Amino acid sequence: MPVHSSSNSTALLSACKEAFLMQLAPALRTTAELRFTQHAPTLITRLSQLYATRFADEVQLKNWCLHLMQVMADALQARPAGLQALDQQRSQQPDWFTREDRLGYCAYTDRFAGTLQGVIQRIPHLQQLGVTYLHLLPFLKARAGENDGGFAVSDFNQVEATLGSMQDLEQLTQALRESGISLCSDFILNHVADDHPWAIAARAGDAKYRDYFYHYPDRTVPDQFEATLGQVFPQVAPGNFSYIDALQSWVWTTFYPYQWDLNYSNPAVFLDMTAALLQLANRGIEVFRLDSTAFLWKRPGTTCMNQPEAHWLLQCLRCITEITMPGVLLKAEAIVATRDLPAYLGDVQGGVQECHLAYHSSLMAAAWVAVAEQNTSLISAVIAGTPQLPPNTGWLSYVRCHDDIGWNVLRPEANLQAMDVEQRLSAVSQFFAGQGDSFASGASFQASDPAAVHGTVGMAAALCGLSRATDEEQRRTAVQRQLLLYGLSFCFGGMPLIYMGDEFAQENNEDYRSVAAHQYDARWLHRPQWNAALAAQSQTAGSAAHLCSSGLQQLLQWRRKLPQLQAQAARSLLHTNSSSLLAFSRGEARAPFVFIGNFSDQPQTVILSTLAQQLASIQPTASSISRCWQTPDGEVPPDILLIPAW
Ligand code: OTU
C-alpha cells in the first residue's frame, strides 16, 4: 500500500525539507531537492508512525526529525566527489546490480587475504572469476575474545586493528571500484557488543544509554516474551535474555549473551545507527548487508520477527540512502520462511521500497533437501511460493554462506506435503551429518537433541560427497552435485554468490576445534583459510579443484550471455516427468531460457514434448549433452541449459 501523509506530517515534511536543504552547499541542492521530494514523504510518515508516541509533543518529534535532517545533510556534504558521481550514474540506471553479468563473492578478510590491504592483492583472482561484488565478513572493531566472527561490533568507526585501518578501507574500496567491484559490508544493526561505548555507558549507570537496550529488573517480562520466542543458538546460548550484574537487569540478547539487542523503539538508537551507516558509506562501502533484519522490533505474544515496524525501519533507511546516496544498496539478511521474504524487497504494487536484495534462504536450504532426498518436491514448492519481485530488486541466490544451513525456514512448505515434517527435516540433517549410507560429511548445528531439526554445517564440497569419495567417479559426481547447486544459483534470478573456497571445491576446516574463541561454534567448520595449493591445483586438469573451477567458469560464461537470467526476468516452474528433476523457464515465453537440473543419482529422461507443451518456442526434437539425457537425436536448442546429472 502506498504511504500517505496526514496534514500534520505535511507540516513536518516542509520543516524537514527546509532544514535539510538549507544545510547543503548550493551546488548540491537541486539534485538533493528532487530526491527529497520523491522519498521524504514516506520517510516522515514512517518515522511518525514509529516514534510520534515516544515524544511528549509534536515539537519534540519535530526537533528530533530536524536532528536527523542534520545527520543526513552532513553525510551528503561529506560525501566524496567520486561517490557522488557514482550515485548520479546509478540513479540513471537503477537496475545496474540485477544484470546477468553480476556476480558476488564472499570471504573473511583475514582468511582470504590477511588484511584489507591483502584483499587488494587478490583483486586479480576476483576479476578472473568475473566478480562484481565482494562481501567481506565483519571487519569493524569487534569485542576481544569471543565475538561471533566479528558480529559483535565494539566501534562502527574503527576497523579491527589486525585487519587494517579506516584508511586501508578507503584504499580498498577505491581499488575495488576501479576494478568494477562493489564492496559489501555487514551492517550489524540488531545488536552491539557488550563493550561498545553505549553498553559501557549503560553499565556505568547512564540512563540515556541504558535505554539503548531492552532491560528488565526481573523475569516477569522476559518470561512472557520467552513463551513465544524462538532460539537461534539453543545449545550454547539458550534463551533470549542475559542477566547483567552491573545493570541488575535482564538484557535482551537474541544471539550470544555478549550481543545486546538495540532498542529501536528508542528514536535515539535509530538516529545514531543511521549516522553510523552513512559514515561507513562515505568510506566507499557500496552495499550493506543488513544483519538480522527480522529481529529489529519486539512485540509481546509474537516471535518478535518480521514485525511491521521492522519493515518500516528498513524503509526509513532506504529513503535516507535514496535521498543522500542513491548509489548505495541495502541487502536484507532475514532468515525467515519463503512467505515472509518478499516483504523485505518492498511492495510490488504500492511502490514502497525497502531493500534492493534479500537472501533467499529457503531456496538455498530447499536445494540441499533436494540433494539429500533426490527429490525436488520441496524446492518446487519454495519456487512456486516465490513471487515476482518489485522493479529493481533481486534475490541474493547462494549455495552456502558462513552460517549454518537452517532447516526450520522450510517448515511451512514441508507442512503442506504429506510427510511428517520433523522426521523429514531430521532425516535431511542426519544425512548431511553423514549418517547411514550418506555421501556427505558435514555436522548438525546446535541441535538440542540428536533428532531435533536445526541446521547443518560443512563446506559445499564436503556436503556434496567429495571428502568421502574414494575413486575418480565419486569425485566427479561430488563436484557435479556442487555445480548443479551453483548452476541453480546462477540461473534463479538475482545476484549469485560464490563462497570463498567453493571455486576450488575446498573441503571442511577442522582447525576451529583447537581455537578457544571458536571451538563452541561449529560454523567454523566451513570457514576456510585461503588455500594457495588448491588454487594452484585448480589449474591442473584432472583434480577435483580443476573440475570444479572449470565447471564454474563454463556456467558463468553461459550466464553472461543470457539476458533471460537478469534478476527481473520472469520465472515459471515447469512440470517434468520425474520427481528428481527441477525445471523452470526464465524470460519471455517466445525466447525463454530453461533450467533443468537432475537431483537424482540416476540418469533421468526428460521428455521434451512435456516441456514443449508448456513453452511454445521449444521444439520436441532436442538432444542431450550428457549420459542421463535420453532424447532423440538433434540439436540442443540454444536457450536450454542442461545441467548434467551425475
Ligand atoms: C546472522 O545470522 C549472521 O549471519 C550470523 O553469523 C550471526 O551469528 C548472527 O546474525 C548474529 O549477528 O538468524 O537473521 O547460524 O543463521 O544467527 C539473523 C545462525 C540470523 C544464523 C543466524 C543469523
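# A walk through a predicted protein model

In this predicted model, 68% of the contacts between residues of the protein at least 6 apart in sequence join residues at least 24 apart. Confidence comes next. The mean pLDDT of the protein is 91, and 93% of its residues reach 70 or more. The model as a whole scores ipTM 0.97 and pTM 0.95. One stretch needs separate mention: over residues 618–641 the pLDDT stays under 50, although the model has 57 contacts beyond four places in sequence for this stretch. Where pLDDT is low, the predicted coordinates should not be read in detail.

Now the overall form. The C-alpha trace of the protein spans about 75 × 50 × 50 Å along its principal axes. A compact globule with 646 residues would have a radius of gyration near 26 Å, and the 25 Å of the protein agrees with that. Of these 646 residues, 53% count as buried. The secondary structure comes to 22 helices and 22 strands. A few of these elements can be taken in turn.

Start with strand β5, residues 182–187. All six of its six residues are buried, so β5 is largely enclosed by the rest of the structure. The residues of β5 point in two directions: Ser182, Cys184 and Asp186 point one way, while Leu183, Ser185 and Phe187 point the other way, and all are buried. Which strands pair with β5? One is strand β2, residues 133–136, which pairs with β5 in the parallel sense over four bridges. In this pairing, His135 stands opposite Cys184 of β5. Another is strand β11, residues 287–290, and here too the pairing with β5 is parallel and has four bridges. Phe187 of β5 stands opposite Leu290 in β11.

From β11 the reader can go on to Ser292, which lies in the loop between β11 and helix α13, residues 308–324. Is Ser292 buried or exposed? Ser292 has 23 other C-beta atoms within 10 Å, and it is buried because the cut-off is 20 or more. The phi angle of Ser292 is near 55 degrees, a positive value in a residue other than glycine.

Ser292 also appears at the ligand. There, 17 residues surround the ligand, and the closest are Phe151, Phe255, Ser292, Ile335 and Asp403. By class, the shell around the ligand has seven nonpolar, four polar and six charged residues.

Gln248 can be set beside Ser292. Gln248 is not a glycine either, and it has a positive phi of about 50 degrees. Gln248 also lies in a loop, the one between β8 (241–244) and β9 (249–252). Its surroundings are another matter: Gln248 has 10 other C-beta atoms within 10 Å and is exposed, because 12 or fewer count as exposed.

Next, helix α6, residues 116–121, where Leu116 is found. Leu116 counts as buried because it has 26 C-beta neighbours inside 10 Å. Which residues is Leu116 in contact with, leaving aside its neighbours within four places in sequence? They are Thr109, Phe139, Val159, Leu163, Gly164, Asp168, Leu169 and Leu172. As for a distant part of the chain, Leu116 and His526 are 410 residues apart along the chain, and their C-alpha atoms are separated by 21 Å.

A second helix to look at is α15, residues 377–384. Six of its eight residues are buried, so α15 is largely enclosed by the rest of the structure. The buried residues are Leu378, Ile379, Ser380, Ala381, Val382 and Ile383. What covers these buried residues of α15? The cover includes two helices, α14 (361–373) and α16 (411–415), and two strands, β19 (571–574) and β20 (581–586).

Last comes a sheet. Three strands form an open sheet in the order β15-β17-β16, with antiparallel pairing. Its edge strands are β15 (405–406) and β16 (443–445), each of which pairs on one side only. Strand β17, residues 455–457, is joined to β15 by two bridges, and the two run antiparallel. In one of the bridges, Gly406 has Gly455 in β17 as its partner.

Terms used. Residues numbered from 1 in each chain as written. Predicted model: local features only at pLDDT ≥ 70, side-chain atom pairs only at ≥ 80, totals over all residues. Near = placed C-beta within 6 Å. Nonpolar A, V, L, I, M, F, W, Y, C, P; charged D, E, K, R; others polar. pLDDT = per-residue confidence, 0-100. Contact = placed C-beta atoms within 7 Å. Rg over C-alpha atoms; globule rule 2.2 N^0.38 Å. Pairing = 2+ DSSP bridges.
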